[in-house]
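Colleague: I am new to this one. Can you show me the model and walk me through the terms used for it?

Modeller: Gladly. Here it is.

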Amino acid sequence: METLQKEFENIKTYGADLSKPQEYEALADQIVKAHNQIDVLINNAAIQNTPTYIDDDFSYDTIIPEIHLNFTAVCALSYLLLPAMLDDVRECAILNINSGLALAPKKGSAIYCGTKGGMDVFSRSLGYQLEQTNIRVLQAFLPLVDTPMTHGRGTGKLTAQRAAQDIVLGIEQGKRINNIGKVKLLRVLLALTPRLARNVMKSCSISR
Ligand SMILES: NC(=O)c1ccc[n+]([C@@H]2O[C@H](COP(=O)([O-])OP(=O)(O)OC[C@H]3O[C@@H](n4cnc5c(N)ncnc54)[C@H](OP(=O)(O)O)[C@@H]3O)[C@@H](O)[C@H]2O)c1
């Protein structure tokens with residue numbers, strides 16, 4: 001973010017630990033005071049802890065921060081930044097970055113899968129609430145993407161650049177549900193043979 005800010009003088013960055021409610025509340029306050037008009041909110045930050053509940057390295061202390069970052073912060077920021085988005089003229093969007101795992105979970109990372117499933121339901125419901133306003137609620141569903149989150153695991157990953165291009169295209173086209181890469185295939189499998197689709201995703205070769 002600092003590199004971007006140096007390269008493009010109109011970019012301004014703010015940092016916060018979004019797993020901590022007091023930090024995202026202060027961040028939202030700071031942003032609304034500095035910028036009274038927000039056009040697009042992209043909820044992208046997330047972590048994925050991989051141990052299962054019965055693994056020796058599962059840590060109880062990771063549960064709440066993972067839920068706060070992946071889900072609570074998304075719900076809270078959508079509310080706290082709303083006053084700067086509601087408008088009679090501008091078209092605005094909230095984009096939530098989701099995962100194929102919201103549609104069918106894998107065995108590991110149950111908290112991550114749960115937060116992404118919750119994000120899907122939350123996004124749809126918030127979309128209904130904002131139907132009569134200038135704000136569209138969009139979701140991009142990613143397959144396995146080559147980023148630090150998936151470092152050292154998985155094959156056939158989408159490049160981060162391609163994922164970003166598809167995400168931006170989805171915003172431009174106002175796609176409420178943007179299925180990216182192999183998530184399109186997952187949707188078809190879920191419609192035709194849901195049991196097979198869930199079994200494939202259980203041991204996860206399509207998305208993390
Ligand atoms: N990679 C995949 O295969 C994949 C698949 C489906 C969905 N997704 C989704 O895509 C989105 C981006 O993930 P990614 O693959 O780019 O993961 P990543 O490489 O691990 O990046 C995670 C991002 O979240 C930020 N972040 C982590 N903890 C934070 C915290 N406590 N407070 C504020 N920011 C925090 C990180 O910021 P710092 O760099 O400053 O730590 C980083 O920008 C996530 O929503 C993820 O669920 C990814």
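Colleague: How many residues of each class, nonpolar, polar and charged, are in the shell around the ligand?

Modeller: This is a predicted model, so read what follows as computed from it. The shell has 11 nonpolar, 6 polar and 2 charged residues. In total, 19 residues surround the ligand. Ala45, Ala46, Ser99, Thr147 and Met149 are the closest.

Colleague: Ser99 sits in which strand, and what is its bridge partner in strand 3?

Modeller: Ser99 falls in strand 2, which covers residues 92-99. Its bridge partner in strand 3 is Leu142.

Colleague: How do you know that strand 2 and strand 3 pair?

Modeller: Pairing takes at least two bridges. Strand 2 and strand 3 (residues 135-142) have 8 bridges, in the parallel sense. Therefore they count as paired.

Colleague: What is the strand order of the open sheet?

Modeller: The order is 1-2-3-6, over 4 strands with parallel pairing.

Colleague: What makes strand 1 and strand 6 edge strands?

Modeller: Strand 1 (40-43) and strand 6 (177-179) each pair on one side only. From one strand to the next, the twist averages 15 degrees.

Colleague: Which strands do helix 4 and helix 5 touch?

Modeller: Helix 4 (residues 110-129) packs on the sheet and touches strand 2 and strand 3. Its direction makes about 155 degrees with that of strand 2. Helix 5 (residues 160-172) also packs on the sheet. Helix 5 touches strand 1, strand 2, strand 3 and strand 6, and its direction makes about 155 degrees with that of strand 3.

Colleague: Now the helix pairs. Why is helix 3 called roughly parallel to helix 4?

Modeller: They pack at an angle of about 10 degrees, with their axes 9 Å apart. Angles under 35 degrees count as roughly parallel. So helix 3 is roughly parallel to helix 4.

Colleague: Which residues meet there?

Modeller: Among them are Ile63, Phe71 and Val74 in helix 3, and Ile111, Met119 and Phe122 in helix 4. The contact divides into 10 nonpolar, 4 polar and 1 charged.

Colleague: Why are helix 2 and helix 3 called roughly parallel?

Modeller: The axes of helix 2 (residues 21-34) and helix 3 (residues 63-80) cross at roughly 30 degrees and come within 10 Å. The cut-off is under 35 degrees. The two helices are therefore roughly parallel to each other. Their crossing is right-handed. Helix 2 brings Pro21, Tyr24, Glu25 and Ala28 to the contact; helix 3 brings His68, Ala73, Ala76, Leu77 and Leu80. By class, that is 7 nonpolar, 1 polar and 1 charged.

Colleague: What makes helix 6 and helix 7 oblique?

Modeller: Helix 6 (residues 183-192) and helix 7 (residues 194-202) pack at about 135 degrees, with their axes 5 Å apart. Roughly antiparallel needs over 145, and roughly perpendicular runs from 65 to 115. The angle fits neither range, so helix 6 and helix 7 are oblique to each other.

Colleague: What classes of residue make the contact of helix 6 with helix 7?

Modeller: It has 6 nonpolar, no polar and no charged residues. Leu186, Leu189 and Leu190 in helix 6 meet Pro194, Leu196 and Ala197 in helix 7.

Note on methods. Residues are numbered from 1 along each chain as its sequence is written. This is a predicted model: local features need pLDDT of at least 70, side-chain atom pairs count only at pLDDT 80 or more; totals for chains, interfaces and linings use all residues. Axes are lines fitted to C-alpha atoms, for helices over the stretch in contact, and angles run from 0 to 180 degrees between N-to-C directions. A crossing is left-handed if the near helix is turned anticlockwise from the far one by less than a right angle, and right-handed if clockwise. Two residues are in contact if their C-beta atoms, placed from the backbone, lie within 7 Å. Ala, Val, Leu, Ile, Met, Phe, Trp, Tyr, Cys and Pro count as nonpolar, Asp, Glu, Lys and Arg as charged, and the others, Gly among them, as polar. A residue is near a molecule or strand if its C-beta atom, placed from the backbone, lies within 6 Å of it.
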